[in-house]
Every structure is written in structure tokens, then in C-alpha cells.
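Q: Could you take me through the nonpolar core of this protein, up close? I'd like to know where it sits in the fold and which residues are at the heart of its contacts.

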Amino acid sequence: MADILVVKAKLKEACPGFNVAGDLAEALSKKVEVAIGDAVKRAESNQRKTVMSKDIPFAFACCAKHSENLIVKAKIKGAASGANVAGDLAEALNCYAHCLLKNACERAEGNQRKTVMAKDL
Ligand SMILES: [Zn+2]
């Protein structure tokens, strides 16, 4: 199993009023991993060796302050497969994870479930 890139214990705090299914952390981690992979490709296609926050989806669309950090910062570099990682990347990934969770909570609510699951992501 690949490294989990998100802080499992924080997911519940990020989904107030919801329960968090056991499969959510791994599924969210996979999405973050894919986002990092895409960001590396985007940086490469722009002839940059450094992956930046602007390479992460939604990073510009959100102006919320996220108090909980959902990302395991020490694992980002490994997931970026050797690329340099800008100092603001962790924050952009945190925002991305929060956006995904918010959408997942809305989907669970729309389906009248109190538990957020991997399939809601
Ligand atoms: Zn955000």
C-alpha cells in the first residue's frame, strides 16, 4: 500500500457534523497523489523543475482559511517523484483536500447519509 498523504485523524474535524468512513482517508490520499502527479507534469511541460501551488487544481478558486492541516508534509516530496517542491505547495494541497472533502460532505448530505465515504469524493 502506498503512503497515506493525509492526516487520518483530522478528516472528521474537516467534515463537521458527519461521520467519516474507514475508506475515506485512503481515497482522499489517492486523489492528492494524483494531483501531485499532475502538478509535476504541468511543471515539466512549463519547463519548471519546481512544482508550485498554481499547479494544483482549485488552489486559486478558494479563499477560505483552513485551520486543520490535512496533508502529511513530509511525504509530499516523495510523491512528487524527485521534482522540487515549492514552499507553498503543502498549503495548496491542503486547500485541495478541503475542497474535495467539502464536496464529498455535500454529496453525502444530498444522499441523506451522515457518513462521508470514499465514493463521495
Ligand atoms: Zn481552500
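A: Let's start with the fold around the core. This is a predicted model, and its secondary structure comes to 4 helices and 4 strands. Follow the chain along and you'll read the pattern α-β-α-β-α-β-α-β. The radius of gyration is 14 Å, close to the 14 Å that the globule rule gives for 121 residues, so the protein is as compact as a globular protein of that length. If you drew a box around the C-alpha atoms along the principal axes, it would be roughly 45 × 35 × 20 Å. Buried residues account for 34% of the 121 residues.

Now for the part you asked about. The largest nonpolar core has 34 residues, and the members that touch the most others are Val6, Leu28, Val32, Leu93, Tyr96 and Ala97. Three helices each supply at least two residues of this core: H1 (11-14), H2 (24-45) and H4 (89-110). The largest share comes from H4, with 10 residues.

Let's zoom in on one of those well-connected members, Ala97. Skip its neighbours within four places in sequence, and you'll find Ala97 in contact with Val6, Leu28, Val32, Leu70 and Ile71. Val6, Leu28 and Val32 should look familiar, as they are also among the residues that touch the most other core members.

Contacts between distant parts of the chain show up across the whole protein, too. Take the contacts between residues at least 6 apart in sequence: 73% of them join residues at least 24 apart.

Terms used: Residues numbered from 1 in each chain as written. Predicted model: local features only at pLDDT ≥ 70, side-chain atom pairs only at ≥ 80, totals over all residues. Core = buried A, V, L, I, M, F, W, Y, C linked by C-beta atoms within 7 Å. Buried ≥ 20, exposed ≤ 12 C-beta atoms within 10 Å, placed from the backbone. Contact = placed C-beta atoms within 7 Å. Rg over C-alpha atoms; globule rule 2.2 N^0.38 Å.
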